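The following note is offered to a colleague at the bench who wishes to read the model alongside its sequence. The points proceed from the overall fold to individual residues.

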Amino acid sequence: MSQLIPSTTPLRNFEDHDETIWTVAAFHDTRRMVTGSWDKTLRIWDLETGIVLKKMEGHSSKVEALAVSRDGQIIASGDDGGEIIAWHGENGESL
């Protein structure tokens, strides 16, 4: 089993949202993650470069929940108004 190496320095900062990032989910391919924010948007990020690959808009309230399917094809997001949106995991379009 691998041993964790303690680190106090972040490897990368992910900054692009206008409000607090409230939820994060990683893709199983370990190359991307998705963040949900109180600015009512989601972002898909490249973990190696820190670049935003896609900005997703569609919620009318703060995004507070995220999940990514095991195959990475579907992202589900929920907001504090009770709305749930399913997104395509590759292109970020709502389904």
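1. The polar contact at Asp29. In this predicted model, a polar atom of the Asp29 side chain lies 2.8 Å from the backbone nitrogen of Arg31. Asp29 belongs to the loop between β1 and β2, the latter spanning residues 32–37. With a relative accessible area of 27%, Asp29 is partly exposed, because that class lies between the cut-offs of 20% and 50%. The C-alpha atom of Asp29 is 11 Å from that of Val68, although 39 residues separate the two along the chain.

2. Thr30, in the loop between β1 and β2. Thr30 is also placed in the loop between β1 and β2. Its phi is near 60 degrees, which is a positive value in a residue other than glycine. Is Thr30 buried or exposed? Thr30 counts as exposed, since its relative accessibility is 63% and the class begins over 50%.

3. Overall composition. The chain contains seven strands and zero helices. Read from the N terminus, its elements therefore follow the pattern β-β-β-β-β-β-β. The C-alpha trace spans about 40 × 30 × 20 Å along the principal axes of the chain. A compact globule of 95 residues would have a radius of gyration near 12 Å, and the chain, at 14 Å, agrees with this. Of the 95 residues, 34% count as buried. Where contacts link residues at least 6 apart in sequence, 32% of them join residues at least 24 apart.

4. The four-stranded sheet. An open sheet is formed by four strands in the order β1-β2-β3-β4, with antiparallel pairing. Its edge strands, each paired on one side only, are β1 (21–26) and β4 (52–57). From one strand to the next, the twist averages 20 degrees. Strand β3, residues 41–46, is joined to β4 by five bridges, and the two run antiparallel. Within β4, Glu57 is the bridge partner of Thr41.

5. Lys40, ahead of β3. The loop between β2 and β3 holds Lys40. Phi of Lys40 is near 75 degrees, again positive in a residue other than glycine. Lys40 has a relative accessible area of 38% and is partly exposed.

6. The pairing of β5 with β6. These two strands pair in the antiparallel sense over five bridges. In β6, Gly78 is the bridge partner of Ala65. The hairpin of β5 and β6 has five residues between its strands, and Gly72 in this hairpin takes a positive phi near 75 degrees.

7. The largest nonpolar core. Which residues make up the largest nonpolar core? There are twelve: Ala25, Phe27, Val34, Leu42, Ile44, Met56, Val63, Leu66, Val68, Ile75, Ile85 and Trp87. Two or more residues come from each of β3, β5 (63–68) and β7 (84–88). The largest contribution is that of β5, with three residues. Val68, a member of this core, is the residue whose C-alpha atom was placed 11 Å from that of Asp29 in point 1.

8. Ser77, a buried polar residue. Ser77 lies in strand β6, residues 74–79. Its relative accessible area is 2%, so it is buried, the cut-off being under 20%. The side chain of Ser77 makes a polar contact of 2.7 Å with the side chain of His59. Apart from neighbours within four places in sequence, the contacts of Ser77 are Leu42, His59, Val63, Ala65, Leu66, Glu83, Ile84, Ile85 and Trp87. Members of the largest nonpolar core appear in that list, including Leu42, Val63, Leu66, Ile85 and Trp87.

9. Ile85 and its surroundings. Ile85 is one of the residues of the largest nonpolar core. With residues up to four places away in sequence left out, Ile85 touches Gly58, His59, Ile75, Ala76, Ser77 and Ser94. Among them, Ile75 belongs to the same core. His59 is also in contact with Ser77, and the two side chains are those joined by the polar contact described in point 8.

Methods. Residues are numbered from 1 along each chain as its sequence is written. This is a predicted model: local features need pLDDT of at least 70, side-chain atom pairs count only at pLDDT 80 or more; totals for chains, interfaces and linings use all residues. Side-chain values use heavy atoms; hydrogens and water are left out. Two strands pair if DSSP finds at least two bridges between them. Axes are lines fitted to C-alpha atoms, for helices over the stretch in contact, and angles run from 0 to 180 degrees between N-to-C directions. Buried means under 20% relative accessible area, exposed over 50%, partly exposed in between (1.4 Å probe, protein chains only). A polar contact is a pair of N or O atoms within 3.5 Å; within protein, one must be able to donate a hydrogen and the other to accept it, and residues adjacent in sequence count only if both atoms are side-chain atoms. A nonpolar core is a set of buried Ala, Val, Leu, Ile, Met, Phe, Trp, Tyr and Cys residues joined through side-chain atoms within 4.5 Å. Contact means heavy atoms within 4.5 Å. The radius of gyration is taken over C-alpha atoms; the globule rule is 2.2 Å times the number of residues to the power 0.38.
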